[in-house]
Amino acid sequence: MILWNEDALIGGHAALDFSNTVDDQDKLREISRISDWSTFLEWAKVSSMFSNKQIDALENEIQQTEIPRLLANIHALRETEYAALSCIVSGEIKPNVAMQTLEAGIKTAINNSSWVLDDISYKWAVNRDNPHWVIDVLTLSIEDLLRSEDITKLKECGRCTWMFLNKGRGRGRQWCNMSTCGNRAKSASFRSRKQ
Ligand SMILES: [Zn+2]
């Protein structure tokens with residue numbers, strides 16, 4: 001059972017917390033924390049990505065038969081997002097396949113959505129009649145991250161593939177979490193010094 005506590009939400013943006021739903025302690029991204037619909041639902045509830053109405057729809061309106069395809073699309077989107085963000089972190093600014101795939105997905109998500117007044121500003125609201133709406137919510141959150149100035153603060157953990165917005169000065173933080181990757185990196189360098 002995955003514990004979706006504040007340690008799972010260190011990205012600084014909901015789209016980064018989504019990319020960070022893997023459990024690997026290295027760069028492989030082979031262990032997904034979203035292994036089935038119930039773990040996705042638990043993550044959606046603690047993340048700031050979905051509204052209360054959308055959470056209700058996730059719990060009560062998704063057909064069982066849709067779930068395998070939805071989970072496959074969620075995983076594919078997450079890995080495309082990670083690949084695109086990795087290019088940004090490594091300073092690769094030329095167009096890449098991952099960013100082009102995201103661009104196509106963003107266009108589809110906007111096309112599926114309505115332009116609505118939200119309190120004092122406008123935003124894209126996904127259409128829940130569209131069976132693809134869950135993917136649209138995730139995609140529009142990634143679009144929000146990519147368009148924000150915060151993207152210049154994007155950093156990847158020195159040990160795993162979790163990403164976060166580095167709000168500190170200078171080099172700032174190196175690890176997703178001091179208590180996990182930070183400590184592992186420290187004890188690894190201690191071991192190598194002893195040898
Ligand atoms: Zn890490």
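The following questions and answers concern a predicted model.

Reader: What span should helix α6 have at 1.5 Å a residue, and how far apart are its end C-alpha atoms?
Author: Helix α6 covers residues 133-147, which is 15 residues. At 1.5 Å a residue, the expected span is 21 Å. The expectation agrees with the separation of the end C-alpha atoms, which is 21 Å.

Reader: Is α6 largely enclosed or left open by the rest of the structure, and how many of its residues are buried?
Author: A residue counts as buried if 20 or more other C-beta atoms lie within 10 Å of its own. The buried residues of α6 include Trp 133, Val 134, Asp 136 and Leu 145. Helix α6 is largely enclosed, because the buried count is 11 of the 15 residues.

Reader: Which elements do the buried residues of α6 pack against?
Author: One residue of the helix gives an example: Leu 138 is buried. Leaving aside neighbours within four places in sequence, Leu 138 is in contact with Phe 18, Ile 74 and Leu 77. Taken together, the buried residues of α6 pack against α1 (14-19), α3 (52-60), α4 (67-89), α5 (97-111) and β2 (121-125).

Reader: Which element gives the most to the largest nonpolar core, and how many residues does it give?
Author: The largest nonpolar core has 35 residues, and those touching the most other members are Val 134, Val 137, Leu 138, Trp 162, Met 163 and Cys 176. At least two residues of this core come from each of α1, α2 (37-46), α4, α5, α6 and β4 (163-165). The element that gives the most is α6, with eight residues.

Reader: How far does α4 reach from its first C-alpha to its last?
Author: Helix α4 has 23 residues. At 1.5 Å a residue, 33 Å is expected. The reach of α4 is close to that value, at 32 Å.

Reader: Which elements do the buried residues of α4 pack against?
Author: Among the buried residues of α4 are Ile 74, Leu 77, Arg 78, Glu 81 and Leu 85. Ile 74 and Leu 77 are also contacts of Leu 138. The buried residues of α4 pack against α1, α2, α5, α6, β3 (154-156) and β4.

Reader: At what angle do α5 and α6 pack, and how far apart are their axes?
Author: On the α5 side, the contact is made by Leu 102, Gly 105, Ile 106 and Ala 109. On the α6 side, Asp 136, Thr 139, Leu 140, Ile 142 and Glu 143 take part. The crossing is left-handed. The packing angle is about 120 degrees, and the axes are 9 Å apart.

Reader: Is strand β1 covered or hardly covered, and what is its count of buried residues?
Author: Strand β1 spans residues 114-118. It pairs with β2 in the antiparallel sense over five bridges, and Asp 118 stands opposite Ser 121 in β2. Strand β1 is nevertheless hardly covered, and the count of buried residues among its five residues is zero.

Reader: Where is Asp 119, and what is its phi?
Author: β1 and β2 form a hairpin with two residues between them, and Asp 119 lies in the turn. Asp 119 counts as exposed because it has 6 C-beta neighbours inside 10 Å, where 12 or fewer is the cut-off. Its phi is positive in a residue other than glycine, near 60 degrees.

Reader: Is Arg 29 buried, partly exposed or exposed?
Author: Arg 29 sits in the loop between α1 and α2. Its phi is positive, near 55 degrees, in a residue other than glycine. With 16 C-beta neighbours inside 10 Å, Arg 29 counts as partly exposed.

Reader: What distance separates the C-alpha atoms of Leu 3 and Glu 42?
Author: Leu 3 is in the segment before α1. Leu 3 counts as exposed, because it has 9 C-beta neighbours inside 10 Å. Leu 3 and Glu 42 are 39 residues apart along the chain, and their C-alpha atoms are separated by 9.1 Å.

Reader: How far apart in space are Ala 188 and Ile 106, C-alpha to C-alpha?
Author: Ala 188 belongs to helix α7 (residues 178-194). Ala 188 is exposed, with 11 other C-beta atoms within 10 Å. In sequence, Ala 188 and Ile 106 are 82 residues apart, and in space their C-alpha separation is 41 Å.

Terms used: Residues numbered from 1 in each chain as written. Predicted model: local features only at pLDDT ≥ 70, side-chain atom pairs only at ≥ 80, totals over all residues. Helix = DSSP H or I, 4+ residues; strand = E, 2+ residues; numbered from the N terminus. Expected span 1.5 Å × (residues − 1). Contact = placed C-beta atoms within 7 Å. Core = buried A, V, L, I, M, F, W, Y, C linked by C-beta atoms within 7 Å. Pairing = 2+ DSSP bridges. Axes fitted to C-alpha atoms, helices over the stretch in contact; angles between N-to-C directions. Left-handed = near helix turned anticlockwise from the far one by under 90°.
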